[in-house]
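Colleague: Hi, could you walk me through this model? I'd like to look at it alongside you.
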Amino acid sequence: VIKFQTGALRSLLGKEVDWIFPDAPTPWAPLAGSTYPNEQERSDFEIRLAQGNPFVQWYRTDVHGANGDDDTWAGVAECSEFLHDCLTREAPIDVVASFSQGSSMVSCLIEQLRKKQLEPPWRLNVFFCGGNIDDAAYQFTEPCLVPTVYISGGASDPFDSFIGAKVAKMYPNLLQLSHTDGHDFPKTSPNDLYATIVAEIRRQCGLTAAAAAVSQAVRPSRQNPPIAAPRQRAGDDDDEEFPAGMWTVDYIGNARGPCQSCRRCEYYTWNPNRLRPDQGDDGGTTITEWFLNDYTALSCHGCGCMFSDHKSLGPVNKPAGFYPGLSEEDANALLGAAQPS
């Protein structure tokens with residue numbers, strides 16, 4: 001079903017993007033009389049799309065909160081582990097795009113990773129009609145800095161204002177868009193909306209030239225304005241300050257400081273132009289080509305620990321491998337190494 005629902009977005013992104021569709025591990029069944037979309041009978045169209053495969057879900061809502069009370073969600077820990085294993089197995093992942101409960105599951109995973117002192121190993125969230133956490137047991141203990149696009153269903157979605165308010169508090173680096181088709185993917189004149197999403201995806205993935213072309217051709221319509229502008233990255237403006245201290249930009253665009261694993265390394269050091277010289281890399285191999293065979297190519301060249309073991313100091317709009325004091329010429333050289341193959 002989700003493959004069909006993302007068809008328009010996948011078409012605009014084209015063949016240079018690979019999509020992975022993990023199936024949720026929790027069995028699903030309708031709940032008679034429920035007014036909640038995820039518990040109602042699937043439509044005949046959805047049943048035809050499923051082609052006889054069983055419907056599944058992420059967590060299960062055992063208790064729906066009322067009058068301001070929290071929900072009680074079951075299976076979150078197991079689903080977080082399942083999703084993390086999938087993302088690790090398929091790494092590197094640049095963008096996580098999800099709908100409704102799936103978006104909330106991604107938020108739960110982010111908090112579970114935080115409890116383990118791990119950072120989300122992707123660049124951007126794209127949440128359609130979801131991302132909120134309604135069970136206090138899994139709620140964020142602090143806002144998440146991962147850049148996030150939140151697409152709401154507007155006034156036709158009965159959950160719109162509730163979800164939107166929660167997501168805005170959870171993700172300060174937020175671009176919020178809306179359509180008028182309710183708790184669903186956009187269907188009514190969706191091209192401008194999807195083109196705006198694609199422009200942000202390409203920008204966050206470092207495809208700056210293509211992103212600029214799309215951005216000049218497409219502007220958010222009056223019906224789909226961003227209500228919270230993305231937080232400005234260091235380097236977007238000459239007056240913008242970099243994070244303090246020494247750090248290096250990792251593959252997903254975050255400045256990485258001291259290692260929280262070995263606690264001996266003062267800051268992450270890594271040069272994408274020389275990923276594995278000991279294994280024959282002469283500087284002509286792209287980061288993505290190395291990842292296909294050796295995910296440890298992300299490891300710090302100083303201490304050997306993974307990039308995610310180093311403290312994240314937030315996103316920086318500079319190429320992977322950039323560090324304070326690097327010359328403009330050397331920084332430009334990094335752009336060729338950082339482009340996906």
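Colleague: Let's start with one ring: is Phe 242 buried, exposed or partly exposed?

Modeller: Phe 242 counts as partly exposed, at 37% relative accessibility. Buried means under 20% relative accessible area, exposed over 50%, and partly exposed in between, using a 1.4 Å probe and protein chains only. One caution: this is a predicted model, where local features need pLDDT of at least 70, side-chain atom pairs count only at pLDDT 80 or more, and totals for chains, interfaces and linings use all residues. Residues are numbered from 1 along each chain as its sequence is written, and side-chain values use heavy atoms, with hydrogens and water left out.

Colleague: Thanks! How many aromatic pairs does the structure hold?

Modeller: The structure holds 13 aromatic pairs. Rings of Phe, Tyr and Trp (its six-membered ring) pair if their centres lie within 6.5 Å; planes under 30 degrees apart count as stacked, over 60 as edge-to-face and the rest as tilted. Phe 128 and Tyr 194 form a tilted pair, 6.4 Å centre to centre with 55° between the planes.

Colleague: Which parts does the pair of Phe 128 and Tyr 194 tie together?

Modeller: Phe 128 lies in strand 6 and Tyr 194 in helix 7 (residues 191-204), so their pair ties together parts that are 66 residues apart in sequence. Phe 128 is buried, at 1% relative accessible area, and Tyr 194 is also buried, at 1%.

Colleague: And what about Phe 242 and Trp 247?

Modeller: Their ring centres are 5.6 Å apart and the planes are at 55°, so that pair is tilted. Trp 247 is buried, at 0% relative accessibility. Elsewhere, ring pairs link Phe 99, Phe 128, Phe 185 and Tyr 194 into a cluster.

Colleague: Switching to the backbone, how many helices and strands are there?

Modeller: The chain has 10 helices and 11 strands. These are DSSP runs numbered from the N terminus: helices are H or I with at least four residues, and strands are E with at least two.

Colleague: Which way do strand 5 and strand 6 run, parallel or antiparallel?

Modeller: Strand 5 (residues 95-99) and strand 6 (residues 124-128) run parallel, joined by 5 bridges. Two strands pair if DSSP finds at least two bridges between them. Val 95 has Leu 124 as its bridge partner in strand 6.

Colleague: What is the order of strands in the open sheet of 3 strands?

Modeller: The order is 9-10-11, with antiparallel pairing. Strand 9 (248-249) and strand 11 (310-315) stand at the edges with a single partner strand each, so one side of each has no neighbour in the sheet. Strand 10 (residues 254-259) is joined to strand 11 by 3 bridges, and Asn 254 has Pro 315 as its bridge partner there.

Colleague: Now cysteines, my favourite. How many disulfides does the count come to?

Modeller: The count comes to 0 disulfides, where a disulfide is a pair of cysteine sulfur atoms within 2.5 Å. For Cys 262, the nearest cysteine sulfur is that of Cys 259, 3.7 Å away. Cys 262 is buried at 17% relative accessibility, and Cys 144 is buried at 5%.

Colleague: Last one: what does Thr 61 touch?

Modeller: Leaving out residues up to four places away in sequence, Thr 61 touches Glu 39, Asp 71, Thr 72 and Trp 73; contact means heavy atoms within 4.5 Å. Thr 61 lies in strand 3 (residues 60-63) and is buried, with a relative accessible area of 19%.
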